Amino acid sequence: MPKFLKKVYKVEQPDEVRGLYANWADSYEDEVREAGYATPARVAQALVAAGADTAQPILDFGCGTGLSGAALKQAGFQIIDGVDLTPEMLKVAAAKGLYRNLTPIGPDDAPPPGYTTMAAIGVIGHGAAPLDVLYRLLDALPPGGILGFSFNDHAMGDPAYAQAVPELAQAGQVRVAFEERGDHLPGIDVQSTVYVIEKT
């Protein structure tokens, strides 16, 4: 297993997460590509299939080095803004020329307002952003707004994550437009569940 993928699911504190991703920025894409990172394309395609308007700006929350932005662009999204916790990752993303705006955020910051479509691709889970981020993203969306995101197998093994979307749907807060388990990092035998939910 690559160097940082051995560590990522074991860190929990925001400072640890930020430090790990800062040190990982230069080799991140090589490591996840070697492991067959499939989730960005899956989320981007699911958003389009669920009816997201590709002509409207989309927020790529936790954009990292821009692999998610590349997948969104490939799926047809024209205006992509990114935010991330790690300046070192944002520097790599900026070099791709995919984003209209790239902005650093803090671990407790709310997403910027004004977006009707958001993506959080490979962002929420153990070793990354906590589950609370899902609710912050929903709070920032208007009714009818669409969020595409993923929970990998490590997250889905935690009942809090596994029950989050069903509980939101049962409470009438969201409509589940898409849900599918499939490849995440097949090279290390990790899958993810991709969701697209609409805020009601």
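Strand β2, residues 80–84, has 5 of its 5 residues buried, so it is largely enclosed by the rest of the structure. This description concerns a predicted model, and the account below starts from β2 and works outwards through the sheet to the helices and the aromatic side chains.

**The strand β2 and its partners**

In a regular strand the side chains alternate between the two faces of the sheet. In β2, Ile80, Gly82 and Asp84 point one way, while Asp81 and Val83 point the other way, and all of these residues are buried. On one flank, β2 pairs with strand β1, residues 58–61, in the parallel sense and over 4 bridges; within that pairing, leucine 59 has aspartate 81 of β2 as its bridge partner. A parallel pairing over 4 bridges also joins β2 to strand β3, residues 101–104, where glycine 82 has leucine 102 of β3 as its bridge partner.

Each of these two pairings belongs to a unit with a helix in it. β1, helix α4 (residues 67–75) and β2 together make a right-handed β-α-β unit, and β2, helix α5 (residues 87–94) and β3 make a right-handed β-α-β unit as well.

**The sheet as a whole**

These strands are part of an open sheet of 7 strands with mixed pairing, arranged in the order β3-β2-β1-β4-β5-β7-β6. The edge positions are taken by β3 and by β6 (174–185), each of which has a single partner strand, so that one side of each is left without a neighbour in the sheet. On average, and with direction ignored, neighbouring strands of this sheet are turned by 20 degrees against each other.

Three of the pairings in the sheet can be set side by side in a table.

| Strands | Sense | Bridges |
|---|---|---|
| β1 (residues 58–61) and β2 | parallel | 4 bridges |
| β2 and β3 (residues 101–104) | parallel | 4 bridges |
| β5 (residues 146–152) and β7 (residues 190–199) | antiparallel | 7 bridges |

In the antiparallel pairing of β5 with β7, phenylalanine 151 stands opposite threonine 193 in β7.

**Helices on the sheet**

Helix α3, residues 39–49, packs on the sheet and touches β1, β4 (117–120), β5, β6 and β7, and its direction makes about 25 degrees with that of β7. Threonine 39 is found in this helix α3 and, with a relative accessible area of 0%, is buried. Not counting residues up to four places away in sequence, threonine 39 touches Ile121, Gly122, Ser150, Asp183, His184, Ser192 and Val194.

Helix α5, by comparison, lies across β2 and β3 and runs at about 170 degrees to β3. Its residues Met89, Leu90 and Ala93 are buried, and because they cover an arc of only 100 degrees around the axis, they are placed on the same side of α5.

**Glycine 148 in β5**

Glycine 148 lies in strand β5 and is buried, its relative accessible area being 0%. When its neighbours within four places in sequence are left aside, glycine 148 is in contact with Val43, Leu47, Met118, Ala119, Ala120, Tyr195 and Val196. The C-alpha atom of glycine 148 is separated by 8.7 Å from that of phenylalanine 178, although the two residues are 30 residues apart along the chain.

**The aromatic side chains**

A search of the whole structure finds 4 aromatic pairs. One of them is formed by phenylalanine 149 and phenylalanine 151, an edge-to-face pair at 5.2 Å centre to centre with 65 degrees between the planes. Phenylalanine 149 counts as buried because its relative accessibility is 0%, and phenylalanine 151 likewise counts as buried at 0% relative accessibility. The rings of phenylalanine 151 and tyrosine 195 have their centres 5.9 Å apart and their planes at 70 degrees, so this pair is edge-to-face. That pair links distant parts of the chain, since phenylalanine 151 is in strand β5 and tyrosine 195 in strand β7, 44 residues apart. Both phenylalanine 151 and tyrosine 195 are buried. Taken together, Phe149, Phe151, Tyr161 and Tyr195 form one aromatic cluster.

Terms used: Residues numbered from 1 in each chain as written. Predicted model: local features only at pLDDT ≥ 70, side-chain atom pairs only at ≥ 80, totals over all residues. Heavy atoms only, no water. Buried < 20%, exposed > 50% of the residue type's maximum accessible area, 1.4 Å probe, protein only. Pairing = 2+ DSSP bridges. Right-handed = clockwise from strand over helix to strand, strands pointing away. Axes fitted to C-alpha atoms, helices over the stretch in contact; angles between N-to-C directions. Contact = heavy atoms within 4.5 Å. Phe/Tyr/Trp six-rings, centres within 6.5 Å; stacked < 30°, edge-to-face > 60°. Arc of directions from axis to C-beta.
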